[in-house]
Structure formats: structure tokens, C-alpha cells
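Q: Hi! I'm new to this one and would love a quick tour. Could you walk me through it?

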Amino acid sequence: MAKESTLRFGAQTDEVTSLLRIVNMVRTHEASTRPEIGRVTGLGRGVVTQRVDQAIDMGFLEDGEFGPSSGGRAPRTLRFRSDQGRIVVCALGALHIHVGVALLEGDIIDETHRAWDVSRGPAETLDTAMSMLDELLARTPDVPIWGVAVGVPGPVDFLTGRPVAPPIMPGWNGFDVRRKFEQRYDAPVWVDNDVNLLALNERARRRDEHADLIYCKIGTGIGAGLLSQGRLHRGANGAAGDIGHVRVRDSDVPCRCGKVGCLEAVAGGWALVRDAEQAIADGATGYLARAAQTGEAITPERISMAAEDGDAVAIALVQRSARVMGESIAALVNMFNPSTIVVGGAVPAAGEIFLAEVRHRVYELSLPLATRDLTIAQSVNDVREPLRGGAEMVREQLFDATFPRWFADGRPTVQGIFSVAA
Ligand SMILES: [Zn+2]
């Protein structure tokens, strides 16, 4: 306790700064032995030893194996204690709940998911998600939760953790999602748009801390997560990248948001389902029609599978979605100049059929300078992506954004992170 209060009240700023730096260097593998830390920071040997001992006392670091020797005695490596806390992630989609538990280094150690319609409202949805999480936590060793990530399929005011007028989530507007999780898990909570989590997952997966990347999700709805130099661009109200309700040309189809001619009313999964059902009612034959006759529901997933299988109706629908998406992505490319576009979600799961059409439209409609080094790729299509992205978001908030605020307490707390000092 004496040490903590010294750190908090009496410490030299330099002391805390170098402690934070050393813990983060070991955490990110920038340096892993005391001599390396000395070389990178320029701190003297005595100071490094003292700071490392402090970090070990506080529970952030531990001694590991002996590293390679450079002539003299081999130095001991240091490890960040990734197991001293857990990150909890709740990823809500339009039609599913996916929850997981991660180590502080981001590895998902347990997860579960179920089908669920998010339009059932926040109370019922979050109670269900939390009981799923409780099951996971019951089979995890009793380790404190350091942070919670919640992803929702719509715009979020990141500062307050509340959804903002999400078109497909009646009852969620302004709901205090953060407080609900804080009360249950007594840990700091961050709420974000699900596509932002997917973009962060790509940053982590590609190990590209400074990525200029756009993640476009074409699932039931459509959204985009924007990374500029590795940082999420959320916009003034959290609505950045909400491209699903941008008007596309030559369309006056009604959208579920109440407007007409929106991108997702033409290219989104629900629009494809609507048109597939109409085509079948009009007498179309093939894989989709047979599936419908046996009572199977037409879903965006089934349409992209049917397209891969050569079903003519499905191919036409997926290609139309890709063409219109390609036009919208071209506009984003001209404005944002990313180096990477990743397309994910149920509709692009059709693979080359979708990707080829998007590429074609983007290269046709974008400025040559903006496409010179542009990569357009498909997501790896792993259902765990939003969980990994959520863990990445919490890691960024804990160790980059708020570390100095809670470091002296030994672990993050709601109070330490969110209470604003007078
Ligand atoms: Zn709309």
C-alpha cells in the first residue's frame, strides 16, 4: 500500500512515465530483457532494475526464461502477466449474440453464440447475453475482469456507450448499455459499432498498427469501419461509416429506416432476401426455389451459398449487391484513400463472384492515384472476428488510452477510468 500511495501522490512524473513505458514495452514485445529495456529507453542499469522490480511487485510483469547470451551471463526475459485479468466481449449482430472471454493479450479462451433477434430490445437481449457470459465465466478461473467490450449493429456514441438512433434496433436509442454491464461485472465497459470491432480485428490480424483500412460489412444491413493511421474514425456522433443509408442512384425502393433508395435497400442482405422471395414467387427455379419449397428460410447466407453453387437467381442478386457496393466503395476510396478495403459479412461470403465485381467497379470509378496501392480483400470470414476485435478495443483503451489513470491501482476500475478528476 505504501508503494501505491508513493506512486500516486509523491512520485516523480518521470518515475511513473518510465514504469508505464517499461510495462508496455514488455507487453508489446518491444523489449524483453533488462539490458534491452536499458538500450531502448536509455535509462541506466540501476534505474531499469528498480523500475522492473516495481512492475513485478505490482503484478504487471514476471520473470521468464533466460534469454540468449551475448557473451556474458544470459539475461532473464520478462513477461507481461496476461493471465492476471480477463477481457469479456459481447458482440451483438442483427440476428445473433456472440460472447467470449479473452486473456489480456487478446487470445479468446472461451466463447459461445446463439441466434437472436436484436429487435427484441435491450432489456431482454442484454439479459440473455449476460446469462451466456455468466456460463462462460463460471468455467473460467476466478480472475478479475479488467474490461468489457460490447459491439452493437448500429451507430454508438462512444463516449457515453449509448446507441444512437440505430435503424434496426427499436428501443435501443440512447439505452445505457455501458451502465448495464458495469453494474453486472464491476469493470470498465466500452460500447462500439460492430464494424469498428471488425476493423480493429483486421488491424490486429495484419499486425499493422498504422493501417489505413476500411472494413465494409454487408450482412443483413451494411456498415463500414474506418481506420486512419490505425486509429478508428468514429465521427462527431459515432455515425461515421454508417453508409447503409446513403442514397444510391436510380433507386426508389423503400428502406426499413423510412427513407427510399438507401444502399442497403438495394445491396443489403435483407434486400436480397426480399428479392429472392419475390423471384421464387414469380416462378424462378433452382437451388433457392427448392430450398424454399422444403420450408427452409431464405437468408443472406443461403443466397451466397446458392450463388457459389451456380444458382442463377442468387448469382444475379449477389452481383447486383457487389456492383452497387463497388460504386459506394469507390466513393469512399476517392475520399478516404485507404490502402486496404476488407469486405466481410454474409453476402461477400459468395467469394470471387462478389469480390470480382467490387474490384471491377472500384477500379473503374476511382481516381488512379487512390487505387495505385489499393488492396481489396475478403475477410477471413471467421465468426470469432468481432470477439477478437472487441478484445483489441479493450486492450487499446486500457493500455494506450487510460493506462496512466489506473496504473497505480494495479488494475483498472470503473472509478479510476471514467470518473473525471475535478
Ligand atoms: Zn435506409
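A: Happy to! One term before we start: helices here are DSSP runs of at least four residues in state H or I, numbered from the N terminus. Also keep in mind that this is a predicted model.

Q: Thanks. Then how far apart are glutamate 364 and arginine 361 in helix 13?

A: They are 3 residues apart in helix 13, which covers residues 352–365, so about one helical turn separates them. The two form a salt bridge, with the closest N and O atoms 2.7 Å apart.

Q: Is arginine 361 buried or exposed?

A: Arginine 361 counts as buried, at 13% relative accessibility. Its partner, glutamate 364, counts as partly exposed, at 46%.

Q: Why would such side chains pair up at all?

A: Side chains of opposite charge can pair when their charged atoms come close.

Q: How many salt bridges are there in the whole structure?

A: A search of the whole structure finds 29. One of them joins the side chains of aspartate 194 and lysine 217, at 3.1 Å from N to O. That pair links distant parts of the chain: aspartate 194 sits in helix 7 (residues 194–205) and lysine 217 in strand 10 (residues 213–218), 23 residues apart.

Q: And how accessible are aspartate 194 and lysine 217?

A: Aspartate 194 is buried, with a relative accessible area of 10%. Lysine 217 counts as partly exposed, at 21%.

Q: Let's zoom out. How is the protein divided into domains?

A: There is domain 1 (2–80), domain 2 (86–201 + 384–418) and domain 3 (207–378).

Q: What goes on between domain 2 and domain 3?

A: 20 residues of domain 2 are in contact with 19 residues of domain 3. The two domains bury about 1,600 Å² between them, and 56% of that is on carbon and sulfur atoms. Their C-alpha centres lie 26 Å apart.

Q: How many salt bridges are counted between domain 2 and domain 3?

A: The count is 3.

Q: What about arginine 231 and glutamate 396, how do their side chains meet?

A: They meet in a salt bridge, at 3.3 Å from N to O. Both also belong to a network of salt bridges that links Arg203, Arg231, Glu392, Arg395 and Glu396.

Q: Where do glutamate 392 and arginine 395 lie?

A: Both are in helix 15 (residues 385–401), 3 residues apart, about one turn of the helix. Their side chains meet in a salt bridge of 3.4 Å, N to O. Glutamate 392 is buried, and arginine 395 is buried too.

Q: New topic: which residues are the protein donors of the zinc ion?

A: They are His245 through ND1, and Cys255, Cys257 and Cys262 through SG. These donors lie 2.0 to 2.3 Å from the zinc ion. Along the chain they follow the spacing H-x9-C-x1-C-x4-C.

Q: What geometry does the site of the zinc ion have?

A: The site is tetrahedral, with angles of 107 to 119 degrees among its 4 donor atoms. Histidine 245 and cysteine 257 are 12 residues apart, and both are in the loop between strand 12 (231–232) and helix 8 (263–267).

Q: Is histidine 245 buried or exposed?

A: Histidine 245 is buried, with a relative accessible area of 15%. Cysteine 257 is partly exposed, at 31%.

Q: Any backbone oddities? What is the phi of histidine 29?

A: Histidine 29 has a positive phi of about 65 degrees although it is not a glycine. Most residues other than glycine have a negative phi. Histidine 29 lies in the loop between helix 2 (13–27) and helix 3 (34–41), and it is exposed, with a relative accessible area of 62%.

Q: And what about the phi of aspartate 186?

A: Phi of aspartate 186 is near 50 degrees, a positive value in a residue other than glycine. Aspartate 186 is in the loop between helix 6 (177–185) and strand 9 (189–193), and it is exposed, with a relative accessible area of 59%.

Q: Last one: how far apart are glutamate 15 and glycine 283?

A: They are 268 residues apart in sequence and 75 Å apart in space, C-alpha to C-alpha. Glutamate 15 is in helix 2 and counts as buried, at 19% relative accessibility. The cut-off for buried is under 20%.

Note on methods
Residues are numbered from 1 along each chain as its sequence is written. This is a predicted model: local features need pLDDT of at least 70, side-chain atom pairs count only at pLDDT 80 or more; totals for chains, interfaces and linings use all residues. Side-chain values use heavy atoms; hydrogens and water are left out. Donors are N, O and S atoms within 2.8 Å of the metal (3.2 Å for Na, K and Ca); water is not among the atoms, so sites may look incomplete. Four donors count as tetrahedral if all angles lie between 85 and 135 degrees; four count as square planar and six as octahedral if opposite donors are over 155 degrees apart and all others between 65 and 115; anything else is irregular. Helices (H or I, at least four residues) and strands (E, at least two) are DSSP runs, numbered from the N terminus. Buried means under 20% relative accessible area, exposed over 50%, partly exposed in between (1.4 Å probe, protein chains only). Domain bounds come from an automatic or database domain assignment. Contact means heavy atoms within 4.5 Å. Buried area is the accessible area (1.4 Å probe) that two parts lose on being put together, summed over both. A salt bridge is a side-chain nitrogen of Lys or Arg within 4 Å of a carboxyl oxygen of Asp or Glu.
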